[in-house]
Amino acid sequence: MKNKIALIGAGNIGGTMAHLIALKKMGDVVIFDVNEGVAKGKALDIAQSSAIEHFDLSIKGTSNYADIKDADVVIVSAGFARKPGMSRDDLLVKNAGVMKEVAEGIRQYAPNAFVIVITNPLDLMVAEVQEKSGLPANKVVGMAGVLDSSRLRLFLAEALNVVPDEVNAFVLGGHGDTMVSMIRYASVGGVSIQELIDMGRITKEQVDQIIARTADGGAEVVKLLQTGSAFFTPASSALLMAEAYLRDSKRVLPCSVKLNGEYGYKDIYVGVPVVIGKNGVEQIIEVHMNNEEKEKFQISCGKILEMKKQAAQILGK
Ligand code: APR
């Protein structure tokens, strides 16, 4: 049977995901948006390429939640991006409202789905969807680490003049400027970055600059685009996670997941490495952190908890 993938949000990320799903022949697609015309228009446009791209899939646009019924995977990119003059709090309130609606739709029509949330502020929005949908925490994850790690891998690869997928590196913590690049575990073709620094292939200063550029990765794209934010790599990143679930591939990916004592935290969604397979999050991997990494991770978690508290006050819960 074909997989059914529901995309909530037909904006830049939703549209790109729908196109990629068709090209990768991953399954039938339902694109949901409050703006029905955008959802239907993008679906029709993609469907019209099926003879050229050789896919035989149903690509449907809708503004009716009943159409996501029994989706295997639901990927959420609905919401608003921060506009000039809009505070972080305003964004939080608006997108939390969107997540509540989305969670209700998922609870009613796709309670067995694997749910991937992309909407920012990520670690809070994914928590909101999990809480309001009532789905188990292993089935609701946030996409950030795969994107941030992919940026880190590209920048390291460029500096070392190697192909990016030879670079193994991951980023932990919250999705924002407090993310923690776990450079101590990064390697190129099995050789650690520290070893490469010792060999003179790259300097410590270059690595530090790359870490800073990664933390600023989203903002760099926003600045260039002028309107909107990154969407190609966010779309690819979420689909890598969806594929790991649908194929039961047990891929190790950094995702925002709900901790239950791991890393010394409980009831907080934050980025850590996990194994994704047919049961969703099948393992949370607790990597050893040195004191500096621990401190950075704690700052990152502190920031999420602070925002969560603020959100609770604003939203009155
Ligand atoms: N229900 C469904 N869709 C909604 C709702 C809602 N309540 N509110 C807004 N949308 C839709 C909009 O109509 C729009 O089509 O969400 C879509 C968002 O698309 P874009 O503005 O193009 O944003 P995009 O670049 O796709 O990013 C979406 O992901 O990375 C994050 O920060 C980013 O939060 C943002 C989200």
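## A covered helix and a ligand site

In this predicted model, Gly134 takes a positive phi of about 75° just after helix H5. Let's start with that helix and then visit the ligand.

Helix H5 covers residues 122–133, which makes 12 residues. From the first C-alpha to the last, H5 reaches 16 Å, close to the 16 Å expected at 1.5 Å a residue.

Is H5 mostly covered or mostly uncovered? It is mostly covered, with 10 of its 12 residues buried. Among the buried residues are Leu122, Leu124, Met125 and Val126, but also Asp123, Glu128 and Gln130. The cover over the buried residues of H5 includes helices H4 (88–109) and H11 (291–315), along with strands S5 (114–117), S6 (140–142), S12 (251–260) and S13 (266–277).

Now for the ligand. There are 16 residues around it, and Asn12, Ile13, Asp33, Ser77 and Asn120 come nearest. By type, the shell divides into eight nonpolar, six polar and two charged residues.

Here are some polar contacts made by oxygen atoms of the ligand:

| Residue | Partner on the residue | Distance to a ligand oxygen |
|---|---|---|
| Asn12 | polar backbone atom | 2.9 Å |
| Asp33 | N or O atom in the side chain | 2.6 Å |
| Gly79 | polar backbone atom | 3.2 Å |

How much of the ligand's 740 Å² does the protein bury? The ligand exposes that area when taken alone, and the protein buries 84% of it. Helices H1 (12–24) and H4 are the elements that give two or more residues to the shell around the ligand. Helix H4 is also part of what covers the buried residues of H5.

Key:
Residues numbered from 1 in each chain as written. Predicted model: local features only at pLDDT ≥ 70, side-chain atom pairs only at ≥ 80, totals over all residues. Heavy atoms only, no water. Helix = DSSP H or I, 4+ residues; strand = E, 2+ residues; numbered from the N terminus. Expected span 1.5 Å × (residues − 1). Buried < 20%, exposed > 50% of the residue type's maximum accessible area, 1.4 Å probe, protein only. Contact = heavy atoms within 4.5 Å. Near = heavy atom within 4 Å. Polar contact = N/O pair within 3.5 Å; in protein donor to acceptor, adjacent residues only side chain to side chain. Areas by Shrake-Rupley, 256 points an atom, 1.4 Å probe, with all protein chains shown as cover. Nonpolar A, V, L, I, M, F, W, Y, C, P; charged D, E, K, R; others polar.
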